[in-house]
Amino acid sequence: MELTRRQTLGLAAATVAGTTVAATTSADATPDRWVRDTMRRMTLEQKVGQLFVCYAYGPAADTADARNTSLYGVATPAEVVAKYNLGGVIYFTWTDSTKDPQQIARLSNGLQQASLTNTGIPLQIGTDQEHGSVVRVGPPATQFPGGMALGATRSAAYARSAGAIAGRELKALGITTDFAPDADVNVNPLNPVIGVRSVSSDPALVAELVAAQVKGYQRDGRVVSTAKHFPGHGDTATDSHTGIPVIGHTRDEWTRIDLPPFQAAIRAGIQSIMTAHIVVPALDPSGDPATLSRPILTGILREQLRFDGVVITDSLGMQGVRDKYGDAEIPLRAIEAGVDQLLMPVDPGLAYNSVLDAVRGGRISEARIDESVARILTLKHETGLVDHPYVDLARVAKIVGTPANYAEAQRIADRSTTLLRDDANLLPLSPAPRTILVAGYSPANLATALQSRGATTIVKDTGTTPTDAKIADAVAAVADLTVVLTNKAWDTEVTDKQAKQQKLVNALLATGRPVIVVPVRDPYDVAYFDPAPTTLVTYGSTAPSMEALAKVLYGEIAPTGKLPVEIPTKADPTVAMHPFGHGLTFDPKQTRLTVASYNIHAGAGEDNVFDLDRTAQALKALDADVIGLQEVDVHWDARSQWLDTLSELATKLGMHSAFAPIYDFDPPAAGQPRRQYGVGLLSRFPLIRTENHPITRLSTQDPNPVPAPAPGFLEAELEIRGRRLHVYCTHLDYRADPAVRQLQVADTLKILTQDRKKDLQVLVGDFNAEADAPELAGLWTRLTDSWTAAGSTVGGPYTYPAVAPNKRIDFVTVGTSLNVLRAEVPPEVPTAQAASDHRPMIADLSFRP
């Protein structure tokens, strides 16, 4: 049951007679009257307490914690609130305040009861739920993409809906203030503290989306929104947690770059603004940080911008505000500058008593304290906190982390993923099962998303500072594809001092295997690696962002994110590697499929030795979904060690296989496998059906050959995204007899016509013939072909015959419903790496599901 303020005050008065200062004030009073009546009854100690927002350790209001005793001299969070008459508290994970929704809600109710029992004034409970890289309340609360991801969507509607849902969920937990959004304009790629927390480097885009977020939080979500960090923390290479940044913008630059988002937030009705511990000489030449600057907070924020909401400091434990003055002096100068709320002083007792002493000694007037208290109390009344300080525990699960909220977070993440490069034409991946190495920073969420799409994943979580051993382990992993995730790999001052993430990425790229590089935080990472042919940016690593990445990789959705910042080159920051607004896309209605053809009969290169490991390695390098193999020798005495060659290759590659013998060279014999020669197929997709069709041949086993039907035309049927695909593999020989070739073409066309018209068809194989042999014209006319590209297999040093009047054509041809995106012969490799004395043909295809 949710207690009203009247019930709460009655309970408090009955429990602690005489301590409730506002018990006689009607909850239905107007804000002004309630504020006046409440302040009239408050002691100076209670007024000063309202200025402080502190944290307390423990998951429940009555949980004793030695850390509280050490810091505050009392054991429980409730006692902390009462001792200092706190106006607000802030929740963190490390204070054990945010374990799960029910715990958070109970803690909020317990602290509200402690505050109301002590002063009759409800607490302002806040947290930093910016989303993206700054999150205090984790799942099952909905995890939205952060500021820069929203910037990549360019959508004010998404920014507002994210704020609205986040606000409603926080309010259900008793959290009444979100210290968000970040209104900084991140114009410095080396900014160590803002980065992806910012929407963009473009002031107009930041202003538009910040205003939308404010409306979402406050009008829709009914929580206090706090724009930060005034007057703008976006152009610094110094982290204000550890030093004092100096912003070198001129007044004109500040007006053009930093000011617009705060103006937009104020116009949108922002109720709270957080100060920055930064020095801006153009705005205040004194050298004081903005948090302590009267020219900035009173002169600009209050008088010039007409902001009359609550001004709160950033944490007073940060070095940026402590460099110049002592901890007793800092709160006094902040109040004198125009601050209303003091967030997280290092020594709460020292700060509290310092303010009390300053008022009692006349340095700060009580009237000045009253100004801030009035703003704070007005804020509490306007947000409904006075009338409804408690949350209904029974409603928490109905509001927090609902399927509808999750779906909206996913829609936003889907729109934010940005494709920067795809020079290798790798994307989208085909839907074929494959083994994927997922390495780098926090790969678990992506691995889960890939597994749900049929991938087998090898997960190597190397963090932000991978060791050499972890790098070597990741490089040694054998997979069809590698996806490596990075987090602030550019930051070798704090995050990754030895540049180990850069070393990891470069080592993986050096393997020559397909690698996709994905910064899951700052997009600037991509400038610090060797050129990566395929790169994307997600701006966050939460489950929705990783699900969106998986969708893009598999072509389920198109990448539509546009860079909200410019990415400069590492060598010259004035040169853009990727400009603002850059973002590639593709047609998600097209499903990719890679098919190869390879004759492997003669062994590897000139040594004529069949080597299973070498052949498997060469086939793996093709990275094809389907591979047609010609002149496959099975159980070929010592040459294959009597092994089933195709089955062994399939096992090594993790693929499905089919074989169609053309000839059996041995009569059946008990206990001895028969040597066979034929065509084979390797497929990442399961094979629904296989058939060995007869086709006209001349038997080399007959001393007087006569053209006759014989086996050796393999068909395998697959299903890919609801489409039936027929893959045919053939070895068409006898280059000396054009009449036989004509019969073989006729047989081929007859077999192909047996399929349904809506089915997909691929024909792979080799043909001992000239590329322009007239008897082949019917075959090429029947199919949308890539055979002319296959003609380049002729003439290489490992192509048999290297120079001859009749030439071998290795081909991949496709039916009319398939598009040929790319058809090529891969570069030749040294004999020691080759699978055959022939070269493969490979084609990237696409079709509509």
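## Getting started

Helices here are DSSP runs of H or I with at least four residues, strands are DSSP runs of E with at least two, and both are numbered from the N terminus. With that in hand, welcome to a predicted model. Its pLDDT averages 89 over the protein, and 89% of the residues score at least 70.

Two stretches call for some care. Residues 1-27 have a pLDDT below 50, and in the model this stretch makes 54 contacts beyond near neighbours in sequence. The pLDDT is also below 50 over residues 783-806, a stretch with 60 contacts beyond near neighbours in sequence.

## A sheet of eight strands

A good place to begin looking is an open sheet of eight strands with parallel pairing. Going across the sheet, the order is β7-β6-β5-β4-β3-β2-β1-β8. At its edges are β7 (310-312) and β8 (342-343), each of which pairs on one side only.

For one pairing in more detail, find β5 (residues 224-230) and β6 (residues 272-275). Three bridges join these two strands in the parallel sense. Across from Thr-226 you will find Ser-272, in β6.

## Helix α11 and its surroundings

Next comes helix α11, which spans residues 294-304. At its start, a side-chain oxygen of Ser-293 comes to within 3.2 Å of the backbone nitrogen of Ile-296. Just after the helix, Arg-306 has a positive phi of about 60°.

Ile-296, Leu-297, Thr-298, Ile-300, Leu-301 and Arg-302 are buried residues of α11. Their cover includes the strands β5, β6 and β7, along with the helices α10 (251-267), α13 (330-337) and α15 (366-382). Leu-301 is worth a closer look: beyond its neighbours within four places in sequence, its contacts are Phe-230, Ile-266, Ile-273, Ile-296, Arg-306, Phe-307 and Val-311.

## Two nonpolar cores

Leu-301 also appears in the largest nonpolar core, which has 117 residues. Together with Phe-52, Leu-86 and Phe-230, Leu-301 is among the residues with the most contacts inside this core. Helix α9 (residues 203-220) gives the core its largest share, eight residues. A second core of 31 residues is separate, and its members include Leu-714, Leu-718, Val-812 and Leu-845.

In soluble globular proteins, nonpolar side chains tend to be buried together.

## A glutamine in a loop

Gln-143 sits in the loop that runs between β3 (124-127) and α7 (147-153). Is this residue, Gln-143, buried or exposed? Its relative accessible area is 11%, and the cut-off for buried is under 20%, so Gln-143 counts as buried.

The side chain of Gln-143 has polar partners in the backbone. One is the backbone oxygen of Val-137, at 3.2 Å. Another is the backbone oxygen of Ala-141, which lies 2.7 Å from a polar atom of the Gln-143 side chain. Apart from neighbours within four places in sequence, Gln-143 touches Gln-129, His-131, Val-135, Val-137, Gly-138, Ala-409, Thr-542 and Pro-544.

## Strand β20 and its partners

Further along the chain is β20 (residues 676-683), a mostly covered strand in which eight of eight residues are buried. What does β20 pair with? Strand β18 (residues 626-634) joins β20 through seven bridges in the antiparallel sense. In this pairing, Val-632 has Gly-678 of β20 as its bridge partner.

Strand β19 (residues 656-664) also runs antiparallel to β20, and eight bridges join the two. Here, Ala-658 stands across from Leu-681 in β20.

Notes: Residues are numbered from 1 along each chain as its sequence is written. This is a predicted model: local features need pLDDT of at least 70, side-chain atom pairs count only at pLDDT 80 or more; totals for chains, interfaces and linings use all residues. Side-chain values use heavy atoms; hydrogens and water are left out. Two strands pair if DSSP finds at least two bridges between them. Buried means under 20% relative accessible area, exposed over 50%, partly exposed in between (1.4 Å probe, protein chains only). A polar contact is a pair of N or O atoms within 3.5 Å; within protein, one must be able to donate a hydrogen and the other to accept it, and residues adjacent in sequence count only if both atoms are side-chain atoms. Contact means heavy atoms within 4.5 Å. pLDDT is the predictor's confidence in each residue, from 0 to 100. A nonpolar core is a set of buried Ala, Val, Leu, Ile, Met, Phe, Trp, Tyr and Cys residues joined through side-chain atoms within 4.5 Å.
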